[in-house]
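Me: I would like to learn how to read a multi-chain model one feature at a time. Where do we begin?

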Amino acid sequence: MAAPVTAERPAARQLPGGHALRRIGKAIRSNRKATAGTVLLVLFTLISLFPGVIAHDDPVQDAYTPRLGFSTAHLLGTNSFGQDLWSQVVYGTRNVLEIAIVVGLLTTGIAVIIGVAAAYLGGVWDGVLSVFTDILLVIPLFPLLIVIAAYTNGANMFVLIAAITLTGWSYTARQLRSQALTLRSRDFLEAARVRGERRLYVILVEVIPTMTSLIVASFLTNALYAILFSSGLQFVGLGDPNTVSWGTTLYWAQNEAALQTGYPQWAIAPGLCIAAMGAAFALLNYAFDEIGNPALRPVRRPRRRRNA
Amino acid sequence: MPDPILEVENLSVDYLMDSGPVRAVDDVSFTLGGREFLAIVGESGCGKSTLLFAIAQLLAPPAEVAAGSVKFQGTNLVRLSDKDLSAVRWRDISVVMQSAMNALNPVKSIGAQFKDAMRAHGKYSGQEITDRSAEVLKMVGIDPVHLRSYPHQLSGGMRQRSMIAMAMLFTPDLIIMDEPTSALDVVAQRALMVQIKELQEQFGFAIIFVTHDMSLVSHFSDRLMVMYAGQTAEVGATRDIFDRPQHPYTKGLLEAFPSVRGPKTPLKGITGSPPDLAQLPPGCRFQPRCPVAFDECLTHQPELYPVNASLARCLRVRDRQADPDRMKDGVR
Amino acid sequence: MSELLKTDRLTRHFKIGNALSRRTLHAVDDVSFAVGEREIIALAGESGSGKSTIARLLARIYEPTAGTITFEGRDLRTMRGRKDKLKYSGQVPMVFQDPFASINPVFRVSHGILRGLKLHRPELTAKQRQEEAERTFEVVGLNPKMLERFPYELSGGQRQRVGFAQALAMRPKLILADEPVSMLDVSIRIGLLNLMAKLRDEQGVSILYITHDIASARYVADRLIVMYAGRIAETGPIEDVLTTPRHPYTQLLLSAVPDPRAPLTEVTDRGEPPRVVDPTPGCRFRWRCPLAIDRCHQVTPDPAELLPGHEVACHVAAAGADVKAFTFS
């Protein structure tokens, strides 16, 4: 059958060598969402690494007069235990970011192994792995998390990470399996097989690198959900109430009726931070989609020419 | 010729890229008569598909018409509002796309798609729609029972013919076809070309046929326009172009087709690739690949010069007209 | 001329349909041919002819349902271990149709060649591998500096040359070229076709050139195999087959090929090749054939050698009729 003739693109005048990092840097600078998301994320990372730079007080020390309002000494005032709220919020960044990144990496990692293996092994293995994935997919996430966290009696960070990872990898595994299945018939993979490559090599070296955009997007999405779920669990009281984290700050704010007693900043500050970090990951996610798929980029619509 | 049905004048189409506008179609002009079959031929990146989309007013951002006009029966289509355009679409001008499997909705029957097309362009009763749908299918040689079939149930040739039938629902005055045969086998291709020609002779519409395969249209088109890097390289009567090609690119193209009959000769093709439209050479666009380029070709951009009954964008043609016997660099 | 690769009644069927209605698609049936050294054999046919399936059978992507494939005298079924299979894949590599999908976009274009060298010629050092990669690029007409480019920086024609370079790196005896020029612009095709002829003449490599375009087959091949609906219709030296076609299908194909230099031949057939599912005995071309006789509906014709080296699978031709006089032109 006469095959359609594809566009003969002349050799592109690209950055010499087209080094991946340079391209990513250029892509981030040229896309507004990517820039905003990156700036936010870098900001949060710096804060979590060097909290002492902007917050001078120890967050856990209840050394001050409780229930103070805004002042230069206490930017957000103090809570009902006498702790400086600004320090609480700043120091809490580390906990949230750690959970986000670790859960993101773990869930995506497990999903890649299981999803791609299911697609490539096929047959019985695919069946077994898929059933396993589907069961976990169908179980409602939040109730399961509550059960696990309640069982461990006040989950410390380790348990929190484990619980969210356990319940979170299945969705991504499904997605990656689907994409791996479509890639299976791509010519360059057949070319690798015909060349004599072993199956494991094909999966690790030829397939997974071409799935990077989906894998990165999954990482970002999983990190985002980790933030929301961990904060949610902590807010409900299932986290460790002694850790310094935005979710636990919210928990105490709720317990001490902060909104009703006229100290709304106790609840609003950590809430805004959760939203901001979530937005950072979400923006990066959109940006990666647009960078990877030019069809999604916002298009400047020209005014119709009337004087042609 | 009697009043032309389509007049394209100095049409230019730009793609608005981040780095600036790139001109994909540069100052193209031609006229088309009422029953004429014009073939637009060129390789990838020559702008033929963009030109076709511009004529059919199907350009989407970032592409836009930068200059020129497309006058259909006297009205400039470029200036029309969407509402006025849709009155013209399908009734007077219709389009047959490249791959029927991409253009047809796989989850709707052929009849349902014909119904959609008819409903979109007028008020018709269910019976009128069914009757007309059956009629156009018969015109292209398909049994009307296939109105109930889904695209995947038809063979490739039948799908393509049903696309043509859909284009003929309102017996338009002009049908634009974008490589309608490229997804077909050679026998089905031949059958489709013959069918198209027969329909044209029976119903009297004009055809613009875009293809990358010159030999396909050699026995069917009245006139042939060869495009290169967004410009018209040569245009004239089909037989003239095949028998006496004037532009070195046309000559190169004709020599790149191995033939099934006759003596077997070694062929060269055309070395190099088409230019990057964002970084065009200063003189003639074909000069880097041209076997007979001379000094002036590097700096001077050729216009379309008349030669016999054709036009060719080549400085040698210009000079040959001025002084037919003069040789330059040992080549006429 | 010694035989490099030989197939004997090669057959491949696929099961289609669901559990309720199991049917068998006959992609390839009883195909026997041989490829010698230093020759280009064109395997031509339309869609559904089975030509791509044969390529995949020879590349060992599919296993035959029946029949044998012999390479250098050895039946492929005896090549079971990894070592044997690897050796075969180096001697019989494949070049794919789509220049934009057949190279991994993530790596530089040197990747496939270097991997091929590493797998098939492990005795080479890294430096030698690099030199070999550069040599293959020169043979296919690419600047060795382009080894460091990424696929998106290359044009379609250049990528196809990379495909041939990948095959050459493994010192092949026979290259399976599956429609290598179909997706390229016409003016670029000649360059690749000339390259294939050069590989045969200078590198001593045989090529199985799979195509739907008879004109390009004529340009580059020594022998032609015409396939229809999974079976061989006609085979022989290319000039013989094209000047005196004996199978009605070959004649039909020839009349339908657009040739600007010749007047238009009338072709009334508008049929298309069938998908062969659970076929009954008889010639698969019989419904479209103007010369079909009763026997054509009852007995499937086998290729018969009507002239030296020229085989035709047609009852009417075997009975001595001058096919050309009666058919489509």
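Reply: Begin with contacts: two residues are in contact if their C-beta atoms, placed from the backbone, lie within 7 Å. Keep in mind that this is a predicted model.

Me: Among contacts in chain C between residues at least 6 apart in sequence, what percentage join residues at least 24 apart?

Reply: For chain C that share is 66%.

Me: How many helices and strands are in chain C?

Reply: Chain C has 12 helices and 12 strands. Its radius of gyration is 21 Å and the globule rule gives 20 Å for 329 residues, so chain C is as compact as a globular protein of that length. The C-alpha trace of chain C spans about 65 × 50 × 45 Å along its principal axes. As for burial, 54% of the 329 residues of chain C count as buried.

Me: How many residues does each chain give to the contact of chain C with chain B?

Reply: Chain C gives 31 residues and chain B gives 33 residues. On the chain C side, the elements that give two or more residues are helix H6 (186-202), helix H7 (214-220) and helix H9 (248-256). By type, the chain C residues that touch chain B divide into 17 nonpolar, six polar and eight charged.

Me: Now a single helix. Why is helix H10 of chain A said to be largely enclosed by the rest of the structure?

Reply: First the general idea. An α-helix has 3.6 residues a turn, so residues three or four places apart point the same way. For burial, the cut-off is 20 or more other C-beta atoms within 10 Å of a residue's own. In helix H10 (residues 246-255) of chain A, eight of the 10 residues are buried, so the helix is largely enclosed. The buried residues of H10(A) are A:Trp246, A:Gly247, A:Thr248, A:Thr249, A:Leu250, A:Tyr251, A:Trp252 and A:Ala253.

Me: Which residue with a positive phi follows H10(A)?

Reply: A:Ala257 follows H10(A), with a phi near 50°.

Me: Last, strands. Which strands of chain B are joined by bridges to strand S1?

Reply: Strand S1 (residues 6-17) of chain B is joined to strand S4 (residues 63-72) by eight bridges, and the two run antiparallel. In S4(B), B:Phe72 is the bridge partner of B:Leu6. S1(B) is also joined to strand S2 (residues 20-32) of chain B, by nine bridges and again antiparallel. There, B:Thr31 of S2(B) is the bridge partner of B:Glu7.

Me: What joins S1(B) to S2(B) along the chain?

Reply: A hairpin does, through two residues.

Terms used. Residues numbered from 1 in each chain as written. Chains lettered and ligands numbered in written order. Predicted model: local features only at pLDDT ≥ 70, side-chain atom pairs only at ≥ 80, totals over all residues. Helix = DSSP H or I, 4+ residues; strand = E, 2+ residues; numbered from the N terminus. Nonpolar A, V, L, I, M, F, W, Y, C, P; charged D, E, K, R; others polar. Buried ≥ 20, exposed ≤ 12 C-beta atoms within 10 Å, placed from the backbone. Rg over C-alpha atoms; globule rule 2.2 N^0.38 Å. Pairing = 2+ DSSP bridges.
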